[in-house]
Amino acid sequence: METVSNVDKLESIKSFQSTISKSENALAQMTQKGTNTTLLKKRLKALYIGLAMLENVWNQRPHHYTQEDLAEARNVLTGLFPSIENIYTKSKAGSPQKTLLERRIKALELAVQAIDDLSNE
């Protein structure tokens with residue numbers, strides 16, 4: 001994996017934690033309303049795995065995910081890029097939303113890279 005600064009590591013982990021928290025809240029609301037939650041559950045699992053991969057690579061935290069879990073998470077995470085990048089291009093330069101999206105994209109890229117690195121070992 002590329003050399004990543006401590007600031008980028010911290011921001012990436014915070015970005016994942018924030019995204020997971022928002023997704024958990026959305027899941028709770030959707031469950032209350034009786035809305036279909038299949039896609040969100042799949043994304044949430046992928047986010048958990050992405051965060052675990054970053055913590056595994058950077059902090060040597062063990063993980064319990066299978067190669068199949070990693071492959072599925074990688075597909076889900078890479079599937080998020082088009083929608084995030086679309087929102088990013090519509091965001092105003094210098095806005096807090098644009099900064100948040102830059103960090104989220106970077107975090108996702110690093111997680112996908114970590115999954116690729118672990119899958120190739």
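## A tour of the pockets, the cavity and the core

Helix H1 contributes the most to the lining of the second largest pocket, namely 5 residues. The model on display is a predicted one.

**Stop 1: the second largest pocket.** Select Leu10, Glu11, Lys14, Ser15, Ser18, Thr99, Leu100, Arg103 and Arg104, the residues that line this pocket. H1 and H4 each provide at least two of the lining residues. The space enclosed here is about 150 Å³. Colouring the selection by residue class gives 2 nonpolar, 3 polar and 4 charged residues.

**Stop 2: the largest pocket.** Keep Arg104 selected and add Thr19, Ser23, Arg43 and Leu80; these five lie nearest the centre of the largest pocket. Its lining comprises 20 residues, and its volume is about 400 Å³. Each of the helices H1, H2, H3 and H4 supplies at least two residues of this lining. By class, the lining of the largest pocket consists of 12 nonpolar, 5 polar and 3 charged residues. Arg104 thus belongs to the lining of the largest pocket and also to that of the second largest pocket.

**Stop 3: the cavity.** How many cavities of 30 Å³ or more does a search of the whole structure find? The search finds 1. To locate the largest cavity, select Lys42, Lys45, Ala46, Ile49, Asp69, Glu72, Ala73 and Val76, which line it. The volume of this cavity is about 50 Å³. H2 and H3 each give at least two residues to the lining. The lining residues divide into 4 nonpolar and 4 charged, with no polar residue.

**Stop 4: the largest nonpolar core.** In soluble globular proteins, nonpolar side chains tend to be buried together. Here, the largest nonpolar core holds 33 residues. Select Phe16, Met53, Leu54, Leu77 and Leu108, the members that touch the most other members. At least two residues of this core come from each of helix H1 (6–33), helix H2 (38–59), helix H3 (67–90) and helix H4 (96–119).

**Stop 5: Met53.** Finally, centre the view on Met53, and display the residues around it. Which residues does Met53 touch, not counting those up to four places away in sequence? They are His63, Tyr65, Leu70, Ala114, Ile115 and Leu118. Of these partners, Leu70 falls within helix H3 (67–90), while Ala114, Ile115 and Leu118 fall within helix H4 (96–119). Met53 itself lies within helix H2 (38–59).

Technical notes
Residues numbered from 1 in each chain as written. Predicted model: local features only at pLDDT ≥ 70, side-chain atom pairs only at ≥ 80, totals over all residues. Heavy atoms only, no water. Core = buried A, V, L, I, M, F, W, Y, C linked by side-chain atoms within 4.5 Å. Buried < 20%, exposed > 50% of the residue type's maximum accessible area, 1.4 Å probe, protein only. Helix = DSSP H or I, 4+ residues; strand = E, 2+ residues; numbered from the N terminus. Contact = heavy atoms within 4.5 Å. 1 Å grid on protein atoms, 1.4 Å probe; cavity = no way out; pocket = protein on both sides within 12 Å on 5 of 7 lines; lining within 4 Å. Points joined across faces, edges and corners; volume = space filled by probe spheres on them. Nonpolar A, V, L, I, M, F, W, Y, C, P; charged D, E, K, R; others polar.
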